[in-house]
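Colleague: I would like to go through this model with you. Could we begin with what holds the interior together?
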Amino acid sequence: MKLLLPLFAAGMASAHTIFTSLEVGGTNAGTGHGVRVPSYNGPIEDVTSNSMACNGPPNPTTPTDKIITVQAGDTVHAIWRYMLSTTGSAPNDIMDSSHKGPTMAYLKKVDNAVTDSGVGDGWFKIQEDGFGSDGIWGTERIINGQGRHAIRIPECIEPGQYLLRAEMLALHAAGSYPGAQFYMECAQINVVGGTGTKTPSTVSFPGAYKGSDPGVTISIWWPPVTNYQIPGPDVFTC
């Protein structure tokens with residue numbers, strides 16, 4: 001079994017995913033509306049790449065001039081699909097079930113959400129879901145939850161334009177580095193109603209993760225995972 005599991009993981013390497021659209025207040029304006037989507041659904045595996053910010057080469061993204069208004073304190077949903085053309089919401093329409101790992105979401109305050117590349121400092125984590133006490137991974141909850149990734153926008157941040165970075169990390173081939181597969185895209189949002197009463201500490205993309213992080217390089221097949229450390233900073237709270 002120990003020998004077969006790595007082969008199984010390698011066989012699933014082509015089953016990818018894309019954050020295609022953002023649902024706000026129950027409304028979804030459609031694929032690529034305010035979300036920088038790539039035409040290819042592949043991962044980033046180099047944690048030092050500038051593409052760790054909002055995706056990019058080898059998966060070039062399509063610019064969008066739309067900015068989505070979001071109320072501070074509300075929960076939005078990043079919608080994940082296997083490909084841009086995928087119309088269903090069954091598990092196989094989201095990502096292969098072998099792609100187990102955490103989900104995360106970050107914000108970055110920017111002057112212009114349309115033109116800012118996202119590369120560099122300014123990012124703070126607002127959501128994470130790793131390996132639960134029930135043995136279920138964060139990615140599995142999204143795969144089995146119609147591709148809906150719930151992200152609450154903190155009420156205490158400043159109003160203004162932000163990049164919202166939703167991420168799924170697949171660890172099925174992460175026994176050595178590079179091997180972990182990072183899937184992320186950025187939505188362009190304008191946060192209204194924020195109180196600005198708390199200032200988050202920030203990290204940089206690239207830079208927030210290292211290849212040696214225990215949450216990046218890990219065998220999830222053997223020995224069985226009993227504890228998992230999600231990479232990146234702690235979740236910002238108001």
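Colleague: Which residues touch the most other members of the largest nonpolar core?
Modeller: This is a predicted model. In its largest nonpolar core, which has 33 residues, L22, W80, L107, L164 and I189 touch the most other members. Elements giving two or more residues to this core include strand 1 (18–24), strand 5 (103–109) and helix 2 (138–143). Strand 8 provides the largest share, five residues.

Colleague: What does L22 touch, leaving aside residues up to four places away in sequence?
Modeller: Its contacts include V35, I68, V76, L164, A187 and I189.

Colleague: Turning to the disulfides, how many are there in the whole structure?
Modeller: There are two. One joins C54 to C186, with an S to S distance of 2.1 Å. C54 lies in the loop between strand 2 (27–28) and strand 3 and C186 in strand 9, so this pair ties together parts 132 residues apart in sequence. The other is formed by C156 and C238, with sulfur atoms 2.0 Å apart.

Colleague: Are C156 and C238 buried or exposed?
Modeller: C156 is buried, at 4% relative accessibility, whereas C238 is partly exposed, at 46% relative accessible area.

Colleague: And the handedness of the C54 and C186 link, why is it assigned as it is?
Modeller: The torsion about the S-S bond is about -80 degrees, so that disulfide is left-handed. The link of C156 and C238 is left-handed, with -85 degrees.

Colleague: Now the largest pocket: which residues are closest to its centre?
Modeller: They are R36, C54, N55, T61 and S117, out of 16 lining residues. The pocket holds about 180 Å³ of space, and its lining divides into five nonpolar, nine polar and two charged residues. C54, which also belongs to the disulfide with C186, is buried at 4% relative accessibility.

Definitions and conventions:
Residues numbered from 1 in each chain as written. Predicted model: local features only at pLDDT ≥ 70, side-chain atom pairs only at ≥ 80, totals over all residues. Heavy atoms only, no water. Core = buried A, V, L, I, M, F, W, Y, C linked by side-chain atoms within 4.5 Å. Buried < 20%, exposed > 50% of the residue type's maximum accessible area, 1.4 Å probe, protein only. Helix = DSSP H or I, 4+ residues; strand = E, 2+ residues; numbered from the N terminus. Contact = heavy atoms within 4.5 Å. 1 Å grid on protein atoms, 1.4 Å probe; cavity = no way out; pocket = protein on both sides within 12 Å on 5 of 7 lines; lining within 4 Å. Points joined across faces, edges and corners; volume = space filled by probe spheres on them. Nonpolar A, V, L, I, M, F, W, Y, C, P; charged D, E, K, R; others polar. Disulfide = S-S within 2.5 Å.
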